[in-house]
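This briefing introduces one structure to a reader who has not met it before. Please look over the sequence and the model shown here before turning to the points that follow.

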Amino acid sequence: MVASSNISTETGPQHSPRLWRALGLMSGTSLDGIDAAIIETDGQQHVVPGPALTIPYPEAFRERLRPVLGGVGPIAEVEDELTRRHADAVKQLVARHPETRIDIVGLHGHTILHRPAERRTWQLGDGALLANILGLDVVADFRSADVAAGGEGAPLAPLFHTALAAALPKPLAILNIGGVANVTWIGEETEVLAFDAGPGNALIDDWVRRHIGAAADFDGTFARAGCASAAHVARFLESPFFERPPPKSLDRDDFREIIPDGLSFQDGAATLTEMTAAAVAAAARHFPAPAQEWLVCGGGRHNPVMMDLLRRRIGASVRPVEEVGWDGDALEAQAFAYLAVRSVRALSLSLPSTTGVVRPMSGGRLFPGSHQGALRVNG
Ligand SMILES: Nc1ncnc2c1ncn2[C@@H]1O[C@H](COP(=O)(O)OP(=O)(O)OP(=O)(O)O)[C@@H](O)[C@H]1O
Ligand SMILES: [Mg+2]
């Protein structure tokens, strides 16, 4: 279904427009680390990106986080540490830009379970603790309301993409290659359609880790040295997921079964990279009209082999978002800064055409700060 994005859609009372300095926090599905980004926004068309940073997780924390994926194990302990690491990320960003006041924080947290069909989605990250440490208002739990109302709970960045892309030629596709790959299609009349396309980097990362203990196939070195197995890719594309019309979303480890056992390390890396690109190209069949241009954000755009494969398979212009002046590593964190403001304004975070929810939905949960913490420098 395609609906007008109308990002000013109200689900609650209108307040007089004001501008917030909002700081968004995203814990990467690929377990890479925390992105923190500041924007100035009214939660509608006004978006001015500010500073951002990424704090990689130390390997030791990755090893504590990995076992709780799926919602099992010592969750409370891991959540406590994860939240404190987010607080440190905020402090580091603010320390680097002491002139920047922060009005509100959007805490996405770390998805450890995403099963919208069972009405379950779970992001670790303690909004109350973060608000307490920072003394700032924190909005967290962005996905639950959408899932409870029958939506996929994902992707949630599309309304932010739509605001950013207001002045760009349409139809336009914005592709995020993070842990999974998700796409936002924006039409000429501000219609928007968004859904998860397939696996992103997570399966490639897992493959590389399993074989040589490294975190990722940096610069596509291993994929370039290998040869993709056409048979594996063809079998992968037979999954009914690709035919299924949107809305649709994926958990990090969906498609785990396609990990190409029996292939050499480098051929496996090439095959998984080809699969990501093929899934994205397959997503385009659901667009109401072909996108003239694809703008790519997320870590996958740093992989030149992935970008070449996307260009070959999509057959349209495929460029990193930097070419239109955006920061492709900060976009998801910026989106949750934007959504935090939309949440406190009771504006919609999702639409029937982005998550399949029955009506435009607001969401998020506000944890008020004491406003006396060191970071409450506004007012
Ligand atoms: N130079 C590079 N070459 C190849 N791959 C890279 C490079 N830099 C980053 N990546 C990949 O990008 C991944 C991180 O991407 P990103 O930060 O967008 O993912 P994420 O934080 O999990 O995102 P999301 O939560 O949106 O899924 C890394 O795990 C790695 O696989
Ligand atoms: Mg990341």
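In this predicted model, strand β9 (residues 172–177) and strand β10 (residues 180–186) are antiparallel partners joined by six bridges. The points below treat strand β9 and its partners, then helix α11, and finally the surroundings of ligand 1.

**Strand β9 and its partners**

- The link between β9 and β10 is short in sequence terms: two residues separate the strands, and together they form a hairpin.
- Within this pairing, A173 is found opposite W185 of β10.
- Strand β9 also pairs with strand β12 (residues 293–297), here in the parallel sense and over five bridges.
- In that second pairing, L172 has E293 of β12 opposite to it.
- Six of the six residues of β9 are buried, so the strand is largely enclosed by the rest of the structure.
- The cover extends to both faces of β9: L172, I174 and N176 are buried on one side, and A173, L175 and I177 are buried on the other.

**Helix α11**

- Helix α11 spans residues 304–314, and its buried residues are V305, M306, M307, L309, L310 and I314.
- These buried residues pack against strand β9, and also against α6 (202–212), α7 (221–225), α10 (265–283), β12 and β13 (317–320).
- Strands β9 and β12, which pair with each other in the parallel sense, are thus both among the elements that the buried residues of α11 pack against.
- At the start of the helix, the backbone nitrogen of V305 has a side-chain oxygen of N303 within 3.0 Å.
- After the helix comes G315, with a positive phi near 70 degrees.

**Ligand 1 and its surroundings**

- Ligand 1 is surrounded by 21 residues, of which the closest are S30, G179, D205, D219 and G299.
- By character, the residues of this shell comprise four nonpolar, twelve polar and five charged.
- D205 places a polar side-chain atom 2.5 Å from an oxygen atom of the ligand.
- For T29, the distance between an N or O atom of the side chain and an oxygen atom of ligand 1 is 2.7 Å.
- For N201, the corresponding distance from a side-chain N or O atom to an oxygen atom of ligand 1 is 3.3 Å.
- On its own, ligand 1 has 640 Å² of accessible area, and the protein covers 87% of this.

Technical notes:
Residues are numbered from 1 along each chain as its sequence is written. Chains are lettered from A and ligands numbered from 1 in the order in which they are written. This is a predicted model: local features need pLDDT of at least 70, side-chain atom pairs count only at pLDDT 80 or more; totals for chains, interfaces and linings use all residues. Side-chain values use heavy atoms; hydrogens and water are left out. Buried means under 20% relative accessible area, exposed over 50%, partly exposed in between (1.4 Å probe, protein chains only). Helices (H or I, at least four residues) and strands (E, at least two) are DSSP runs, numbered from the N terminus. Two strands pair if DSSP finds at least two bridges between them. Contact means heavy atoms within 4.5 Å. A polar contact is a pair of N or O atoms within 3.5 Å; within protein, one must be able to donate a hydrogen and the other to accept it, and residues adjacent in sequence count only if both atoms are side-chain atoms. A residue is near a molecule or strand if one of its heavy atoms lies within 4 Å of it. Accessible areas come from the Shrake-Rupley method with a 1.4 Å probe; for residues, only the protein chains shown count as cover. Ala, Val, Leu, Ile, Met, Phe, Trp, Tyr, Cys and Pro count as nonpolar, Asp, Glu, Lys and Arg as charged, and the others, Gly among them, as polar.
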